[in-house]
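Biologist: I have this one open on my screen and would like to go through it with you. Could you take my questions as they come?

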Amino acid sequence: MTDAGEIRRMAPEFLRISYEIGLNEPSTIVMLNRVAEQLGPDDLGTPGSGYVEKLRTVAQYLGSRGFLKRQSADWGMFSVTREGIDEVEGNKPDAGSTFQFFGNVQGSVIGTHNTAELTNTFDFRAIEQRIEEEGGEDKEELKRALAQVQRLLERGDYLDRGALSQFSGVMERHSWFTGSVMQALLGFATQAVG
C-alpha cells in the first residue's frame with residue numbers, strides 16, 4: 001500500500017510528465033509505461049512490481065482530482081484533462097465569483113463589503129414616463145394605480161390586504177409595472193425609521 005503523502009508528493013511531477021507526453025502524441029492518450037520510463041524507479045524509490053502499481057495509484061489520485069481521464073480500465077492509458085493542462089501551465093481560475101444580473105438591480109447590495117445601507121431611491125417620474133411609453137390603452141388605469149401606491153408610501157400607512165386589488169388586471173398585463181411597484185413597497189418597508 002502506498003502512503004497518501006507520497007502519492008501527493010509524486011503527483012505534480014507525474015502530471016507534468018503526462019502533459020509533456022500528451023503534447024507529443026497525436027491521439028493525446030498517454031501510456032502509463034511511457035510515464036514510468038521518464039519518471040524512473042529512482043524517483044519513486046520503489047523498484048520492481050510495486051513501481052507500476054504505485055504509478056497507477058498516482059494516476060487514480062490525479063483522476064479523482066479531475067486532472068486525468070482514464071482511457072483504460074486499469075489506468076494503463078489516460079489523457080490529461082483541461083483542468084490538468086491548466087494546473088501544469090499555471091492557469092489558475094479567478095478566485096472571485098462571477099454573477100450575471102438581468103434586469104434592474106437598483107437598490108441591490110453587491111460586493112464583498114462588510115456593511116451595507118439600503119436607501120429607497122424609487123423614482124416615480126421614471127415610472128410615469130414608462131407608463132406614457134408602454135401603457136397603451138391601460139395608461140389611465142396604470143396612472144391611478146401608481147398614484148395609489150404613492151399615496152400609501154407618502155402617508156406611511158399600513159398596506160391593507162386588497163389595497164391594490166382593483167388594479168390586479170392591469171398589473172397582470174404589465175409585469176414591468178408590478179415589478180416597479182414591488183420595488184417601491186419593498187424599499188419603503190426596509191427603510192429605517194428615523
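Biologist: Which residues in H5 meet which residues in H6?

Modeller: Phe-124, Ile-127, Glu-128, Ile-131 and Glu-132 in H5 meet Lys-139, Leu-142, Lys-143, Leu-146, Val-149, Gln-150 and Leu-153 in H6, where contact means heavy atoms within 4.5 Å. Please keep in mind that this is a predicted model, in which local features need pLDDT of at least 70 and side-chain atom pairs count only at pLDDT 80 or more, while totals for chains, interfaces and linings use all residues. Residues are numbered from 1 along each chain as its sequence is written, and side-chain values use heavy atoms, with hydrogens and water left out.

Biologist: What classes of residue are in that contact of H5 with H6?

Modeller: The contact has seven nonpolar, one polar and four charged residues, with Ala, Val, Leu, Ile, Met, Phe, Trp, Tyr, Cys and Pro counted as nonpolar, Asp, Glu, Lys and Arg as charged, and the others, Gly among them, as polar.

Biologist: And at what angle do H5 and H6 pack?

Modeller: Helix H5, residues 124-134, and helix H6, residues 139-155, pack at about 170° with their axes 9 Å apart. That makes H5 roughly antiparallel to H6, a label for angles over 145 degrees; the axes are lines fitted to C-alpha atoms, for helices over the stretch in contact, and angles run from 0 to 180 degrees between N-to-C directions.

Biologist: Stepping back, how many helices and strands are there in the chain?

Modeller: The protein chain has eight helices and three strands, taken as DSSP runs of H or I with at least four residues for a helix and of E with at least two for a strand, numbered from the N terminus. Along the sequence they follow the pattern α-β-α-α-β-β-α-α-α-α-α.

Biologist: In what order do the strands sit in the sheet?

Modeller: The three strands form an open, antiparallel sheet in the order E1-E3-E2, and two strands count as paired if DSSP finds at least two bridges between them. E1 and E2 stand at the edges with a single partner strand each, so one side of each is left without a neighbour in the sheet.

Biologist: Which residues are bridge partners there?

Modeller: Strand E1, residues 29-31, pairs with E3 over three bridges, with Val-30 opposite Phe-78 and Ile-29 partnered by Ser-79. Strand E2, residues 68-70, also pairs with E3 over three bridges, and there Leu-68 has Val-80 as its partner.

Biologist: What joins E2 and E3?

Modeller: E2 and E3 form a hairpin with six residues between them. Trp-75 lies in that loop, and its phi is near 65°, a positive value in a residue other than glycine.

Biologist: Is Trp-75 buried or exposed?

Modeller: Trp-75 counts as buried because its relative accessibility is 8%, the limit being under 20% relative accessible area, with exposed over 50% and partly exposed in between, using a 1.4 Å probe on protein chains only. Of the 194 residues in the chain, 31% count as buried.

Biologist: Which residues touch the most other members of the largest nonpolar core?

Modeller: Of its 22 residues, they are Phe-14, Val-35, Leu-55, Val-58, Leu-62, Leu-68 and Phe-78; such a core is a set of buried Ala, Val, Leu, Ile, Met, Phe, Trp, Tyr and Cys residues joined through side-chain atoms within 4.5 Å. The elements giving two or more residues are H1 (4-23), H2 (32-44), H3 (49-64) and E3 (77-80), and H1 gives the most, with seven. A second, separate core of 18 residues includes Ile-131, Val-149, Leu-152 and Leu-153.

How values were computed
Parallel < 35°, antiparallel > 145°, perpendicular 65-115°, else oblique.
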